[in-house]
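Okay, thanks for making the time, everyone. I'd like to walk through one model today, beginning with a single side chain and working outwards. Let me put it up.

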Amino acid sequence: MHASDDGPHGHHHEHDHSELSDTALRVRALESVLVEKGYVEPDALDAIIETYETRIGPRNGARVVAKAWADPAFRDGLRRDATAAIASLGFGGRQGEHMVAVENTPEEHNLVVCTLCSCYPWPVLGLPPVWYKSAAYRSRAVIDPRGVLADFGVTLPEGTRLRVWDSTAEIRYLVLPMRPAGTEGWSEEALADLVTRDSMIGTGLARAPGGVAA
Amino acid sequence: MKPLNAMTAALEPVAPLPRCAEEPVFREPWEASAFAMTVALHQRGLFTWSEWAECLGEAIRAAQAEGDPDLGDTYYRHWLLALETMVARKGVAGAALLAQRQAAWDRAAHATPHGQPILLENDPLFTRGA
């Protein structure tokens, strides 16, 4: 990175070398020590990264929600034992071991936060967005949840109660948003397209047919 | 929906939420590595997830106490610090060993032409098994 024109002769000497940031140095140091000591394997680390970059994300959760909308028996099962219901669709594992589904109704809206760090249901939502990890969200979701919703452009009808769920290392919540009107008879695939990530955290609503938030 | 600027202006006095429509899962390769190491170490039973959440929470609180605005974009910095702390706590690698290894990687980087893969072996002082 340090190309330099060296001196009066006008010819270029190759002084280019590499640089690693302090953070990158710390991570490389840690990784090389852990690999040497046999605690981690590079291939396994690559596989984990690939999984979370490409295979695990909110599309999984959207399928869960769409099935709950379309299939009352599945919805009942989801409310009784979310972990098992979600696993029946093939989603499970890390940070989804103890799932609880909380259902939005005209009377009650649910909002999920992790005030301690950023516990989040990875198998159904992937890794959390930056705002979920911010101090502002972690504190304001508890102190002023309606203000947070307003920030996201969501206004609840008068009389709708707002419940805030604080995730922990043990329990992860998935919000089951309300099914938008005008979607009777839709396929699960079509319904899943209406389910946004934010609607499963509670900072948003499912999209209405036609694209706008319901 | 109200205009976004009116919405944010109204909320300016309280901490604004850092919003961004689409963001990559990991912004830099080191974030992905730190994440994957933690998942792998948890998987092999070095610590429980509760221990991890506690340790990460401590790192976040400490950073906030030192003035980090904690907008969510420094999350993996806290994560990395928590991981170093955990690894030391569990007796896997202490701060001295890690500092030594960081210096080795720094020398290796400086000895590697730009564009070439940086290998620990490129460290002029490298000896296998050291």
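So, start at A:Asn104: leaving out residues up to four places away in sequence, it touches A:His109, A:Asn110, A:Val175, A:Leu176, A:Pro177 and A:Met178. Contact here means heavy atoms within 4.5 Å.

Quick housekeeping before I go on. This is a predicted model, where local features need pLDDT of at least 70 and side-chain atom pairs count only at pLDDT 80 or more, while totals for chains, interfaces and linings use all residues. Residues are numbered from 1 along each chain as its sequence is written, chains are lettered from A and ligands numbered from 1 in the order in which they are written, and side-chain values use heavy atoms, with hydrogens and water left out.

Back to A:Asn104. Where does A:Asn104 sit in chain A? In the loop between β3 (99–103) and β4 (108–113). Helices and strands are DSSP runs, by the way, numbered from the N terminus: H or I with at least four residues for a helix, E with at least two for a strand. Is A:Asn104 buried or exposed? Buried, at a relative accessible area of 6%; the cut-offs are under 20% for buried, over 50% for exposed and partly exposed in between, with a 1.4 Å probe and protein chains only.

What does the side chain of A:Asn104 reach? The backbone nitrogen of A:Asn110, at 2.8 Å. There's also a polar contact of 3.4 Å between the side chains of A:Asn104 and A:His109. Polar contact means a pair of N or O atoms within 3.5 Å; within protein, one has to be able to donate a hydrogen and the other to accept it, and residues adjacent in sequence count only if both atoms are side-chain atoms.

Now the strands next door. β3(A) and β6(A) pair in the parallel sense over five bridges, and pairing takes at least two DSSP bridges between two strands. If you want the register, A:Ala101 stands opposite A:Leu174, and A:Glu103 has A:Leu176 as its bridge partner. In β3(A), four of the five residues are buried; in β6(A), five of five are. In a regular strand the side chains alternate between the two faces of the sheet. For β6(A), that gives A:Arg172, A:Leu174 and A:Leu176 on one side and A:Tyr173 and A:Val175 on the other, all of them buried.

Next, β6(A) takes us over to chain B. Which elements cover the buried residues of α3(B)? They include α6 (122–125), α8 (135–143) and β6 (172–176) of chain A, plus α2 (29–43) and α4 (75–89) of chain B. Among the buried residues of α3(B) are B:Trp49, B:Trp52, B:Cys55 and B:Leu56. The geometry checks out too: the 17 residues of α3(B), 49–65, should span 24 Å at 1.5 Å a residue, and the end C-alpha atoms are 24 Å apart. That expected span is 1.5 Å times one less than the number of residues.

A word on backbone angles. Most residues other than glycine have a negative phi, and most peptide bonds are trans. B:Asp70 isn't a glycine, yet its phi is positive at about 55°. B:Asp70 lies in the loop between α3 and α4 of chain B and counts as buried at 2% relative accessibility. In chain A, A:Gln95 has a positive phi of about 65°, and it isn't a glycine either. A:Gln95 is in the loop between α5 (82–87) and β3, buried at 2%.

Zooming out: chain A has eleven helices and six strands, and 51% of its 214 residues are buried. Chain B has five helices and zero strands, with 41% of its 130 residues buried.

Finally, confidence, meaning pLDDT, the predictor's own per-residue score from 0 to 100. Chain B averages 85, and 81% of its residues reach 70 or more. Among the elements of chain B, α4(B) has the highest mean, 97, and α1 (residues 4–11) the lowest, 41. Over residues 1–13 of chain B, pLDDT stays under 50, and the model has seven contacts there beyond four places in sequence. Where pLDDT is low, the predicted coordinates should not be read in detail.

That's my tour; happy to take questions.
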